[in-house]
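Trainee: I would like to go through this model with you. Where should we begin?

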Amino acid sequence: NSLVLVMAESYEEVEDEIKKAGANDILPKPVFISTLKQTVDDMISRASSKEVKEEKNPLDGMKFLVAEDNDINADILTELMSMEGATVTRGCNGQEVVEMFKAAREGDYDMILMDIQMPVMNGYEAAAAIREIQTDWAQRIPIIAMTANAYADDVQQAFDAGMNAHVSKPIDIKVVEKTILEFKK
């Protein structure tokens with residue numbers, strides 16, 4: 001719902017008033033078809049870029065369960081995720097995250113980000129343990145592996161353990177977002 005206001009005389013002195021009244025653009029007379037077309041195209045592209053901007057925060061409101069034994073990595077990830085509007089609940093090893101997941105109710109978490117190399121229980125074991133839980137949610141929740149090892153066999157091992165995707169460390173929030181969006185549908 002855009003408005004173009006066409007005026008006959010010079011409009012410079014009343015331009016602010018016209019814009020305040022809700023006009024998106026002002027066309028001076030005489031109106032040439034090329035000018036009209038250009039103005040309409042500009043308005044459409046401005047409107048669509050506004051829509052894109054409003055949709056730019058895909059993680060907003062999402063809740064993540066994160067398995068990460070390294071405090072610094074956990075702090076960085078938590079900070080990056082919260083800047084994107086997401087909340088992070090952290091477990092310090094695989095066993096802790098399995099227990100946290102068992103204690104949670106469906107919907108408490110949208111996704112699990114799983115470090116691989118952790119004490120007590122590694123990420124592969126933790127993912128497999130979650131997948132063994134006999135609930136629909138435990139089978140469905142996306143689990144994303146986070147590891148510095150990005151070799152094909154590490155990725156395959158993550159899939160074999162029941163994980164859905166793999167992101168490399170150090171974590172790039174744009175890559176994480178892109179990966180998460182694949183499962184958010």
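Mentor: A polar contact is a pair of N or O atoms within 3.5 Å, where one must be able to donate a hydrogen and the other to accept it. Keep in mind that the model is predicted.

Trainee: At the start of H5, which backbone nitrogen does a side-chain oxygen of Asn-122 reach?

Mentor: The distance is within 2.9 Å, and the cut-off for a polar contact is 3.5 Å. The oxygen belongs to the side chain of Asn-122, and its partner is the backbone nitrogen of Tyr-124.

Trainee: Is helix H5 largely enclosed or largely open?

Mentor: Buried means under 20% relative accessible area. Among the buried residues of H5 are Tyr-124, Ile-130 and Arg-131. Their cover includes helices H4, H6 and H7 and strands E5 and E6. Seven of the 10 residues in H5 (residues 123-132) are buried, so the helix is largely enclosed.

Trainee: Is Val-40 buried or partly exposed?

Mentor: Val-40 sits in helix H2 (residues 33-54) and helps to make a nonpolar surface patch of about 430 Å² with Val-31, Ile-33, Leu-36 and Ile-44. Buried would require under 20% and exposed over 50%. At a relative accessible area of 34%, Val-40 is partly exposed.

Trainee: In which strand is confidence lowest?

Mentor: The protein averages a pLDDT of 83, and 88% of the residues score at least 70. Confidence is highest in H4, at 97, and lowest, at a mean of 58, in residues 4-7. Where pLDDT is low, the predicted coordinates should not be read in detail. The strand with the lowest confidence is E1.

Definitions and conventions
Residues are numbered from 1 along each chain as its sequence is written. This is a predicted model: local features need pLDDT of at least 70, side-chain atom pairs count only at pLDDT 80 or more; totals for chains, interfaces and linings use all residues. Side-chain values use heavy atoms; hydrogens and water are left out. Buried means under 20% relative accessible area, exposed over 50%, partly exposed in between (1.4 Å probe, protein chains only). Helices (H or I, at least four residues) and strands (E, at least two) are DSSP runs, numbered from the N terminus. Contact means heavy atoms within 4.5 Å. pLDDT is the predictor's confidence in each residue, from 0 to 100. Patches are made of residues with over 30% relative accessible area and no salt bridge: like charges are joined within 9 Å, nonpolar side chains (Val, Leu, Ile, Met, Phe, Trp, Tyr) within 5 Å. Accessible areas come from the Shrake-Rupley method with a 1.4 Å probe; for residues, only the protein chains shown count as cover. A salt bridge is a side-chain nitrogen of Lys or Arg within 4 Å of a carboxyl oxygen of Asp or Glu.
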